[in-house]
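Biologist: Please put the model up, and then we can go through a few residues one by one.

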Amino acid sequence: MLAKIQKWGNSQGIRVPKSLLEQCHLSIGEELEVSTDGEEIRIKPTSKVRGRYKLKELVNKIPKDYRTKEEWDSPQGKEVW
C-alpha cells in the first residue's frame, strides 16, 4: 500500500484506509505509539484500560505487600447463594 504525507493545518498526516484499521483492530480516536529508528516509522497501539490508562502503569502502582481478602457475608436482597 502506498500513502502520501499530507498537510492538515500546521500538522502533517497520513491517511489510513478503514480496511487496514479493521485488520489491526483499531478504531478512530485510539491512542497509538509512534517510534522510529531513523529510517522507518513504526506505529502500534498502546495497551489501555477503558481508554485512559496503561495496564502496566496501573499494576506497577500496586504495593508489593498487597494481599486480597475474601469476604463472605449473608445474601443481600434477592441474591442466590
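Modeller: A term to begin with: by relative accessible area, a residue is buried under 20%, exposed over 50% and partly exposed in between (1.4 Å probe, protein chains only). The model is predicted, so local features need pLDDT of at least 70 and side-chain atom pairs 80 or more, while totals for chains, interfaces and linings use all residues. Numbering starts from 1 along each chain as its sequence is written, and side-chain values use heavy atoms, without hydrogens or water.

Biologist: Which of these classes does Arg-42 count as, by its relative accessibility?
Modeller: Arg-42 lies in strand S4; strands (E, at least two residues) and helices (H or I, at least four) are DSSP runs numbered from the N terminus. Its relative accessibility is 38%. That value falls between the two cut-offs, so Arg-42 is partly exposed.

Biologist: What length is the polar contact that joins the side chains of Arg-42 and Asp-37?
Modeller: Contact means heavy atoms within 4.5 Å, and Arg-42 touches Glu-33, Val-34, Ser-35, Thr-36 and Asp-37, leaving out residues up to four places away in sequence. A polar contact is a pair of N or O atoms within 3.5 Å, within protein one able to donate a hydrogen and the other to accept it; for residues adjacent in sequence, both must be side-chain atoms. Between the side chains of Arg-42 and Asp-37, the polar contact is 3.5 Å.

Biologist: What distance separates the C-alpha atoms of Arg-42 and Arg-15?
Modeller: Along the chain, Arg-42 and Arg-15 are 27 residues apart. In space, their C-alpha atoms are separated by 15 Å.

Biologist: Which residue in S4 is the bridge partner of Glu-33?
Modeller: Two strands pair if DSSP finds at least two bridges between them. Strand S3 (residues 32-36) and S4 run antiparallel, joined by five bridges. In this pairing Leu-32 has Pro-45 as its partner in S4, and the partner of Glu-33 is Lys-44.

Biologist: Which residue in the turn of the S3 and S4 hairpin has a positive phi?
Modeller: The hairpin formed by S3 and S4 has four residues between its strands. In that turn, a positive phi of about 105° belongs to Gly-38.

Biologist: Is Thr-46 buried or exposed?
Modeller: Thr-46 lies in the loop between strand S4 (41-45) and strand S5 (48-49). Apart from residues up to four places away in sequence, it touches Glu-31, Leu-32, Glu-33 and Lys-54. Its relative accessible area is 15%. This is under the 20% limit, so Thr-46 is buried.

Biologist: Which residue has its backbone oxygen 3.3 Å from a polar atom of the side chain of Thr-46?
Modeller: Among the residues that Thr-46 touches are Glu-31 and Lys-54. The backbone oxygen 3.3 Å from a polar side-chain atom of Thr-46 belongs to Glu-31.

Biologist: Which residue in S2 stands opposite Gln-6?
Modeller: Strand S1 (residues 5-8) runs antiparallel to S2, and four bridges join them. In their hairpin, two residues lie between the strands, and Gly-9 takes a positive phi near 65°. Opposite Gln-6, in S2, stands Gly-13.

Biologist: What is the phi of His-25?
Modeller: His-25 lies in the loop between H1 and S3, and at 70% relative accessible area it is exposed. Most residues other than glycine have a negative phi. His-25 is not a glycine, yet its phi is positive, near 55°.
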